[in-house]
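Hi everyone, thanks for coming. I'd like to walk you through one structure today, so please get the picture up in front of you.

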Amino acid sequence: MSLLVHLPYSRVTIFNIVVLIFGLLVTLVIGLSLHFDILTDTQCKVPNFFTTISKLTGNELPERYIWRMCMSLVATPLILDGVVLYRALSFESALLQKRWLRMLNTAVLLLHFMQMYLLLSVTYLSSKEHMDYHMGMTYAFFGTSFLHMFSLLLLLHLGKQRPFSNTDRKAMKVRLYCLVIHLSGVGAFIHFANRHWDCEPYAYSLAGMCEYAIICTKLVYHGAQVMDVRSPVMTIALSYRTADIT
C-alpha cells in the first residue's frame, strides 16, 4: 500500500529557515550567557567578544545538542529541496532545448548534495575532537556553497522562460545580493582567521561574525527558492506493507 503526503512547498521552506535561525539564536544566547569565557578563549589568550559557529555549536552543552536536533529536523527536507528545484527547472523550455543547460541543472543538484554532506559533517564532527578535519570541511562548505549559489543563479538567468516576471526579477535580485555578500563574507572570514592565527585581538570575534553573515545570506538565498518553484505543493509517496494475521 502507499500513502501520499502533500506538503505546501513554501511552508516547508519557511520551516527549514525558521528552525535553523532558531537554532543559531538559541545556541548563541545560551552559549554567550553560560560559556562566554570558554567560547571566546583562544590559544593566544587575547581579548574577544564573540565566537564562531563551529565552536558554539560543537564544543559545549546544551548548545551542541540543540543545534544537532535542529539539523536533524531539517536535514531531510533540505536534501529533498534540491530535488524539487531540479525537477521544477527540468520542465523549463530552455532546458528542454539545450543539453548544456540540462547538464548545468544536474551539476547544481550534485553541488547541493555535496554542500549538504559538508554541512552535516561540520555539524556532527565537532572542532573539539576533530579540529583539522572540521576546519577543512568548513572551508570546503564555504567554497561548495558559493559554487552552488553561482551555478544556480546562472542556471536561473539562462534557463528561465523570457520575459522574466516581476517575481522572477525580485528573486534574481535577492540571489545576486546574497551571492555578493556571501563571497565578501568568505573573503573577510579568511582574512580575519589568518589574523587570528597571528594572535591579533578581536580577530577571532570578527571571523565569527563573518561566519554568521555567510550562513544568514545562505538562508536568505534559500528562501528565494519559493519564488522559483511553480508548483506550490510537494507530494511524497510512502510505501508500506500490511501483515496478514491469521
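I'll go through the cysteines, then the aromatic rings, then the charged side chains, and end with some backbone details.

One thing before we start: what you're looking at is a predicted model.

Okay, cysteines. How many disulfides does a search of the whole structure find? The search turns up one. The partners are C44 and C199, and their sulfur atoms are 1.9 Å apart. If the word is new to you, a disulfide is a covalent bond between the sulfur atoms of two cysteines.

Where do those partners sit in the chain? C44 is in the loop between α2, residues 36-39, and α3, residues 53-58. C199 is in the loop between α8, residues 166-197, and α9, residues 203-223. That puts the partners 155 residues apart, so this bond links distant parts of the chain. There's also a handedness here: the torsion about the S-S bond of C44 and C199 is about -60°, which makes the disulfide left-handed.

Now, are C44 and C199 buried or exposed? Well, C44 has 18% relative accessibility, and under 20% is what we call buried, so C44 counts as buried. C199 comes out at 36%, so C199 counts as partly exposed. While we're on cysteines, let me mention C70 and C210 too. C70 is buried at 2% relative accessibility, and C210 is buried as well, with a relative accessible area of 12%.

On to the rings. Searching the whole structure gives six aromatic pairs. I'll show you a couple. In general, you describe a pair of aromatic rings by the distance of the centres and the angle of the planes.

Take F49 and Y202. Their ring centres are 5.9 Å apart and their planes are at 40°, so this pair is tilted. F49 lies in the loop between α2 and α3, and Y202 lies in the loop between α8 and α9, so the pair ties together parts that are 153 residues apart in sequence. Remember the disulfide: C44 and C199 come from the loop between α2 and α3 and the loop between α8 and α9 as well. As for the surface, F49 is partly exposed at 39% relative accessibility, and Y202 is partly exposed, also with 39%.

F49 and Y202 turn up again in a nonpolar surface patch of about 350 Å², which they make together with L206 and M209.

Here's another pair: F141 and F142. Their rings are tilted, with 6.1 Å from centre to centre and 50° between the planes. Are these rings buried or exposed? F141 is buried, with a relative accessible area of 7%, and F142 is buried at 3%. F141 and F142 also belong to an aromatic cluster, along with Y139 and F189.

One last ring before we move on. R175 lies over the face of Y221, at 4.5 Å from the ring centre.

That brings us to charges. How many salt bridges does the structure hold? Two. In one of them, the side chains of K45 and D41 meet, with 3.1 Å from N to O. K45 is exposed, at 62% relative accessibility, while D41 is partly exposed, with a relative accessible area of 33%.

The other salt bridge joins R195 and E200, where the closest N and O atoms are 2.7 Å apart. R195 is partly exposed at 30% relative accessibility, and E200 is partly exposed at 31%.

Finally, the backbone. A bit of background: most residues other than glycine have a negative phi, and most peptide bonds are trans. Keep that in mind for the next few residues.

Which peptide bond is cis here? Look at the one from L61 to P62, with omega near 10°. You'll find P62 in the loop between α3 and α4, and α4 covers residues 63-90.

Then phi. C199, our disulfide cysteine, isn't a glycine, and its phi is positive, near 65°. Y202 isn't a glycine either, and Y202 has a positive phi of about 70°. C199 lies in the loop between α8 and α9, and Y202 has its place in that loop too.

So if you take one spot home, make it the loop between α8 and α9: C199 brings the disulfide, and Y202 brings a ring that pairs with F49. Thanks, everyone!

Technical notes: Residues are numbered from 1 along each chain as its sequence is written. This is a predicted model: local features need pLDDT of at least 70, side-chain atom pairs count only at pLDDT 80 or more; totals for chains, interfaces and linings use all residues. Side-chain values use heavy atoms; hydrogens and water are left out. A disulfide is a pair of cysteine sulfur atoms within 2.5 Å. Helices (H or I, at least four residues) and strands (E, at least two) are DSSP runs, numbered from the N terminus. Buried means under 20% relative accessible area, exposed over 50%, partly exposed in between (1.4 Å probe, protein chains only). Patches are made of residues with over 30% relative accessible area and no salt bridge: like charges are joined within 9 Å, nonpolar side chains (Val, Leu, Ile, Met, Phe, Trp, Tyr) within 5 Å. Accessible areas come from the Shrake-Rupley method with a 1.4 Å probe; for residues, only the protein chains shown count as cover. A salt bridge is a side-chain nitrogen of Lys or Arg within 4 Å of a carboxyl oxygen of Asp or Glu. Rings of Phe, Tyr and Trp (its six-membered ring) pair if their centres lie within 6.5 Å; planes under 30 degrees apart count as stacked, over 60 as edge-to-face and the rest as tilted. A charge sits over a ring if NZ of Lys or CZ of Arg is within 6 Å of the ring centre and within 35 degrees of the ring normal.
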